[in-house]
Amino acid sequence: MALAEAREANASDLISALHLSQQAPALLGHDPANAGVTSSTSSADTAEEYGRIEQLLLACLRTGDDTSAHAGLDRLSHRFGASNERVMGLYGLYEEATARDQPALEKCLDEYEKILSENPLNMPIMKRRVALLRSLNRFSDAIAALIQLLDAVPTDAEAWCELADLYQSQGLGAQAIFSLEEALLIAPNSWNIHARLGELLYVCALSPDGDAHRLAGKSVQHFCRSIELCDDYLRGYYGLILASSHMLEKEYAHEKSSDAAVPSKKTLAQLKRLGLEKLGDIVRSRSVDDQHWASSRSELIAAKELLNRFENSQRS
């Protein structure tokens, strides 16, 4: 489900980037000195304007319009200076995107190391280094670089989520769980992180482990918190159905559970029934307005398959 969702989201993002990048030649030009943004009193000299230029730059890189991307980079560099940390990060991104081979990417990495040797707390460059190491499949180095980043800025919830993803990709479930728990300390009301942690706990509960019942129980708890924070969150209900069904099938709970992390059998049955009802409502409502939910169509397909599976099992 997650892989299909990511592919559809990427396709949707690419279409949006293409539409945006088509505006770039007319909006950017190629001469920053004649761009009308060199004066601090210019009406166009606003944070919104430069945010728009940055978005155009990123869209152009995604769609292969390197010339317009460089024009946007020149515009930002002319206004803020080449030593500006954000500009340095965008320049690094441009160099990565236009690199033709592995040695060129390694050269980018060397440049990042040089910059960080002079300024170890250059956050845009630290983040680019993590992304580049990961793209080079140097996962251990990427994890080490991300830990270094979090040592400097421990309140970056996005970085903790990225670290969790890296740990999971290396089969380090316990470390991934810890990382998402740290992210939730920073952003306790993020329903998507609760659901992500629920999914990770559920996957870990499926592996042979003496603590599987507690992992599954905590999974249910986080899915419940996710839908409490967002009562139409499809992934939350989807996960709740899977986790509660798994616990019932494995008989991880009895009529009254003495373990606070493990819901009772009655509670699990109620949660499963609630999940099926709410997921059915969400699927029906979103299927009517299919165009509005086009970016998450894969989620709808997976949800329909799950509902059909349980409906068929009840009939047999």
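User: Which residues are buried in α15?
Analyst: In α15, the buried residues are S298, E299, L300, A302, A303, L306, L307 and F310, where buried means under 20% relative accessible area, exposed means over 50%, and partly exposed lies in between, with a 1.4 Å probe and protein chains only. This is a predicted model, in which local features need pLDDT of at least 70 and side-chain atom pairs count only at pLDDT 80 or more, while totals for chains, interfaces and linings use all residues. Residues are numbered from 1 along each chain as its sequence is written, and side-chain values use heavy atoms, with hydrogens and water left out.

User: What span should α15 have, and what do its end C-alpha atoms give?
Analyst: Helix α15 covers residues 297-315, and at 1.5 Å a residue its 19 residues should span 27 Å, which agrees with the 27 Å between its end C-alpha atoms. The expected span is 1.5 Å times one less than the number of residues in the helix.

User: Stepping back, how many helices and strands are there in the protein?
Analyst: The secondary structure comes to 15 helices and 0 strands, both taken as DSSP runs numbered from the N terminus, with helices being H or I of at least four residues and strands being E of at least two. Of the 316 residues in the protein, 41% are buried. Among contacts between residues at least 6 apart in sequence, 58% join residues at least 24 apart, a contact being heavy atoms within 4.5 Å.

User: Is α13 largely enclosed or open?
Analyst: Helix α13 is largely enclosed by the rest of the structure, because 14 of its 16 residues are buried. For residues 234-249, the expected span at 1.5 Å a residue is 22 Å, and the end C-alpha atoms are 23 Å apart, which agrees. After α13 comes E251, whose phi is positive, near 55°.

User: And Y238, buried or exposed?
Analyst: Y238, which is found in helix α13, is buried, with a relative accessible area of 14%. Its C-alpha atom is separated by 8.8 Å from that of F223, and the two residues are 15 apart along the chain.

User: What does S219 contact?
Analyst: Leaving aside neighbours within four places in sequence, S219 is in contact with G198, L201, Y202 and A243. S219 sits in helix α12, residues 212-229, and counts as buried because its relative accessibility is 0%.

User: How about H222, which residues does it contact?
Analyst: H222 is also found in helix α12, and with neighbours within four places in sequence left aside, it is in contact with L184, H194, L197, G198 and L201. At 15% relative accessibility, H222 counts as buried.

User: New topic: which residues does the TPR annotation cover?
Analyst: The UniProt annotation "repeat: TPR", from an unreviewed entry, covers residues 157-190; UniProt positions are given in the numbering used here, feature names are shortened, and annotations may be inferred rather than shown by experiment. In the model that span is 79% helix and 0% strand, and its end C-alpha atoms lie 10 Å apart.

User: What about E162, what does it touch?
Analyst: Not counting residues up to four places away in sequence, E162 touches R134 and L146. E162 lies in helix α9, residues 157-169, and is partly exposed, with a relative accessible area of 29%.

User: Where does F178 lie?
Analyst: F178 lies in helix α10, residues 173-186, and is partly exposed, with a relative accessible area of 45%. F178 and A164 are 14 residues apart in sequence and 7.8 Å apart in space, C-alpha to C-alpha.

User: Where is N137 placed?
Analyst: N137 is in the loop between α7 (123-135) and α8 (139-152), and it has a positive phi of about 65° although it is not a glycine. With a relative accessible area of 57%, N137 is exposed.

User: Last one: which helices supply at least two residues each to the lining of the second largest pocket?
Analyst: They are α4 (66-80), α5 (85-97) and α6 (102-118), and α6 gives the largest share of that lining, 6 residues. A pocket here is an open set of points on a 1 Å grid over the protein atoms alone, where a 1.4 Å probe fits and protein lies on both sides within 12 Å along at least five of seven lines, and lining residues have an atom within 4 Å of a point. The lining of the second largest pocket has 17 residues, of which M88, Y91, G92, E95 and E111 lie nearest its centre.
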